[in-house]
Amino acid sequence: RVKHIKNCNRCDVLLTEDNWWLANYKKHDYICNSCSYLKRKTNRFKQLARTIGQAAWGSYDKVKQGHVYIVSNPAWKGWFKVGMAIDAADRCRGYQTSSPFRDFKLEYSRFFSDRKNTEKLVHKKLISTGSKNKGEWFNASLNEIKTTIKEVKDET
């Protein structure tokens, strides 16, 4: 018999022997069977979503070719993001969701057979020329960054 009077932490229904597992008393888990079932279903769904996401990311990560691009935003004058993506225009559209003004601009992009290595090489060259940077954002002239990308030979 239940010796306590408790309500479900989720739906506030009175917990009884009919709607709650007594074994949960020792765990101080005050969730009725209905809410517990929904919680398990939700957790399974979240795990499935994580698994699908990891599989999609793994597929994306295996693609070597793509664009090295330059993106700007007027909020950060003089700063340019040098990044890589399979599709530079699509990546820029993705940035727009984080800006209420939708003011990111794709300044330049070039296709390479190995986008990851090219991006690393461009970053190293820009840093070696003394360009200030914060991660993938560089405080340099747009022409300097474009020239740096254009100078990289693509090994197709």
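**Exercise 1. Determine whether H123 is buried or exposed in this predicted model, and find which residues it touches.**

Solution. Begin with the accessibility of H123, whose relative accessible area is 13%. The cut-off for a buried residue is under 20%, and H123 is therefore buried. Next, place the residue in its element: H123 belongs to helix α4, which spans residues 115-128. Finally, look for its neighbours, leaving aside residues up to four places away in sequence; the residues that H123 then touches are V82, E136 and F138.

**Exercise 2. Work out how K116 is placed, both in its exposure and in its surroundings.**

Solution. The first step is again to name the element, and K116, like H123, is found in helix α4. The second step is its accessibility: the value for K116 is 26%, and because partly exposed residues lie between the limits of 20% and 50%, K116 counts as partly exposed. The third step concerns contacts, and here K116 touches D61, K64 and M84 when residues up to four places away in sequence are not counted. A last step compares sequence with space: K116 and H67 are separated by 49 residues in sequence, while their C-alpha atoms are 9.2 Å apart.

**Exercise 3. Describe how the axes of helix α4 and helix α5 cross, and which residues make the contact.**

Solution. Take the two axes first: those of α4 (residues 115-128) and α5 (residues 142-151) come within 10 Å of each other, and they cross at roughly 130 degrees. An angle over 145 would count as roughly antiparallel and one of 65 to 115 as roughly perpendicular, so the two helices, falling in neither range, are oblique to each other. The handedness of this crossing is right-handed. On the side of α4 the contact is made by V122, K125 and L126, and on the side of α5 by E144, I145, T148 and I149. Sorted by character, the residues of this contact comprise four nonpolar, one polar and two charged.

**Exercise 4. Find the order of the strands in the sheet, and state which strands lie at its edges.**

Solution. Follow the pairing from one strand to the next, and an open sheet of five strands appears in the order β3-β1-β2-β5-β4, with antiparallel pairing. The edge strands are β3 and β4, since each of them pairs on one side only. Along the sheet, the twist from one strand to the next averages 25 degrees. Helix α4 can now be set against this sheet: α4 lies across β1, β2, β3, β4 and β5, and runs at about 155 degrees to β2.

**Exercise 5. Examine strand β1: decide how enclosed it is, and trace the bridges that join it to β3 and β2.**

Solution. Count the buried residues of β1 (residues 66-72) first: seven of the seven are buried, so the strand is largely enclosed by the rest of the structure. Turn next to β3 (residues 105-112), which runs antiparallel to β1 and is joined to it by seven bridges; in this pairing I70 stands opposite Y108. Then turn to β2 (residues 79-85), which is likewise antiparallel to β1, with six bridges joining the two, and here V68 stands opposite M84. The strands β1 and β2 also form a hairpin with six residues between them, and G78 in the turn has a positive phi of about 85 degrees.

**Exercise 6. Locate K77, and relate it to N139 in sequence and in space.**

Solution. K77 sits in the loop between β1 and β2. Its relative accessible area is 70%, so K77 is exposed. Although K77 and N139 are 62 residues apart in sequence, the distance between their C-alpha atoms is 8.6 Å. N139 is part of strand β5 (residues 137-139), which runs antiparallel to β4 and is joined to β4 by three bridges. In that pairing, N133 has F138 of β5 as its bridge partner.

**Exercise 7. State where D12 and R102, which have a positive phi without being glycine, are found.**

Solution. D12 has a phi of about 70 degrees and lies in the segment before α1. With a relative accessible area of 53%, D12 is exposed. R102 has a phi of about 50 degrees, and its place is the loop between α3 and β3.

Key:
Residues numbered from 1 in each chain as written. Predicted model: local features only at pLDDT ≥ 70, side-chain atom pairs only at ≥ 80, totals over all residues. Heavy atoms only, no water. Axes fitted to C-alpha atoms, helices over the stretch in contact; angles between N-to-C directions. Helix = DSSP H or I, 4+ residues; strand = E, 2+ residues; numbered from the N terminus. Parallel < 35°, antiparallel > 145°, perpendicular 65-115°, else oblique. Left-handed = near helix turned anticlockwise from the far one by under 90°. Contact = heavy atoms within 4.5 Å. Nonpolar A, V, L, I, M, F, W, Y, C, P; charged D, E, K, R; others polar. Buried < 20%, exposed > 50% of the residue type's maximum accessible area, 1.4 Å probe, protein only.
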